[in-house]
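Reader: I'm new to this one, so could you take me through a single part of it up close? Start with one helix and follow the contacts from there.

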Amino acid sequence: PTSAQLSVVPHSGRFCYTLDNDLLTTEQRQFYEDNGYLLIKKLVSDEDIERFRKEFIRICKREVKPPGVMIMKDESLKSQFGQSEKVVNKVQDFQEDEELFRYCTLPEVLKYVECFTGPNIMAMHTMLINKLPDSDKQTFLHPMHQDLHYFPFRPASRIVCAWTAMERAHQDNGCLVVQPGTHKTTLKPHGYPEWEGKTNKLFHGLLDEDEKIPKVHLVMEKGDTVFFHPLLIHGSGINRTSGFRKSISCHFASSECHYIDVKNTTQEHLEKELEEMVRKKYDATSVELKDIWNFRARLVQGERINL
């Protein structure tokens, strides 16, 4: 069984995936309705992106150590490059880092988020991805997946990801790849792909990918931001350049969403893996999935209701 049956059906009417608002045009709402994503050009300023970049480098160098932050590295490069951005693939859960968390509170981002979540907005999951140049030992390729697989809260239609390119993202440096319209499907079973020596912790992918569904490469300029639905099937390719492809993102949800029990669903094995990781990191005896999300979640607009 999957946890799809626990999802609340979007409200009936012409638009199921956006709420009435004064910002999106009818064409933009229809595009999101049909495709599950919406790209907004030059939404985040160069100045803000430069500040996020500087803070990321400070975290890589261990000049700052925000509580709860998870730093994912290519350990095989550590002896060569030490503590630097050349080793760090991802900084996750930066909700306690004041500088990076500014991204989640930017008015220009939140005004779009509100079109999907409504006025009571929680920042649930934060990431700064630094896609490393490909090496023979480790490929930071993210298999095609649905983000809802990671989330024990619903309804899916009141969750949205904001993903901002921190420099030009294109096919050569591993831009986002999406399968338009797949947000209308249910949550599918995920697990580790069968790539020998190429899997990264918690980089789960679809166990049964439909190759016939067309894929679109989202070429984005610095500051461009894509908003997408948590059931949209997406991933990212290999970085074939010598540079680093950075992006910053946050999954937002309406605070009116509610937690679900993922026991006896396809999300149960992820729950166990995550709980075990957190227990080891914090030497804790008992950790539940809901505790982890309560720690990650922060209110950014309106009032905190359920989450």
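**Around helix H1**

Author: Let's start with helix H1 (residues 26–35), where Arg-29, Tyr-32, Glu-33 and Asn-35 are buried. Buried here means under 20% relative accessible area, with exposed being over 50% and partly exposed in between (1.4 Å probe, protein chains only). Before going on, some ground rules: this is a predicted model, so local features need pLDDT of at least 70, side-chain atom pairs count only at pLDDT 80 or more, and totals for chains, interfaces and linings use all residues. Residues are numbered from 1 along each chain as its sequence is written, and side-chain values use heavy atoms, with hydrogens and water left out. As for the labels, helices (H or I, at least four residues) and strands (E, at least two) are DSSP runs, numbered from the N terminus.

What do the buried residues of H1 pack against? They pack against strand S1 (37–40), H5, strand S7 (159–165) and S12, where contact means heavy atoms within 4.5 Å. Just after H1 comes Gly-36, with a positive phi of about 90°.

Now pick up Tyr-32 again, since ring pairs link Tyr-32, Tyr-112, Phe-116 and Phe-227 into a cluster. Rings of Phe, Tyr and Trp (its six-membered ring) pair if their centres lie within 6.5 Å; planes under 30 degrees apart count as stacked, over 60 as edge-to-face and the rest as tilted. By that rule, the count comes to nine aromatic pairs. One of them is edge-to-face: Phe-52 with Tyr-103, at 6.0 Å centre to centre and 85° between the planes. Phe-52 belongs to helix H2 (residues 46–60) and Tyr-103 to the loop between helix H4 (98–101) and helix H5 (107–117), so this pair ties together parts that are 51 residues apart in sequence. Phe-52 is buried at 0% relative accessibility, and Tyr-103 is buried too, its relative accessible area being 0%.

Back in the cluster, Tyr-112 and Phe-227 make a stacked pair, 5.5 Å centre to centre with 25° between the planes. That pair links distant parts of the chain: Tyr-112 is in helix H5 and Phe-227 in strand S12 (residues 225–228), 115 residues apart. Both Tyr-112 and Phe-227 are buried.

Helix H2 and the H4–H5 loop are joined by charges as well. A salt bridge is a side-chain nitrogen of Lys or Arg within 4 Å of a carboxyl oxygen of Asp or Glu, and the count comes to 17 salt bridges. Asp-48 forms one with Arg-102, the closest N and O atoms being 2.4 Å apart. With Asp-48 in helix H2 and Arg-102 in the loop between H4 and H5, the pair ties together parts that are 54 residues apart in sequence. Asp-48 is buried, at a relative accessible area of 10%. Arg-102 also meets Glu-99 in a salt bridge (3.1 Å, N to O), and Glu-99 is buried with a relative accessible area of 19%. In fact, Asp-48, Arg-51, Glu-99 and Arg-102 are linked in a network of salt bridges.

Helix H2 has another salt bridge to look at: Arg-53 with Glu-50, the closest N and O atoms being 3.5 Å apart. These two are three residues apart in helix H2, so about one helical turn separates them. Arg-53 counts as buried at 17% relative accessibility, whereas Glu-50 counts as partly exposed at 31%.
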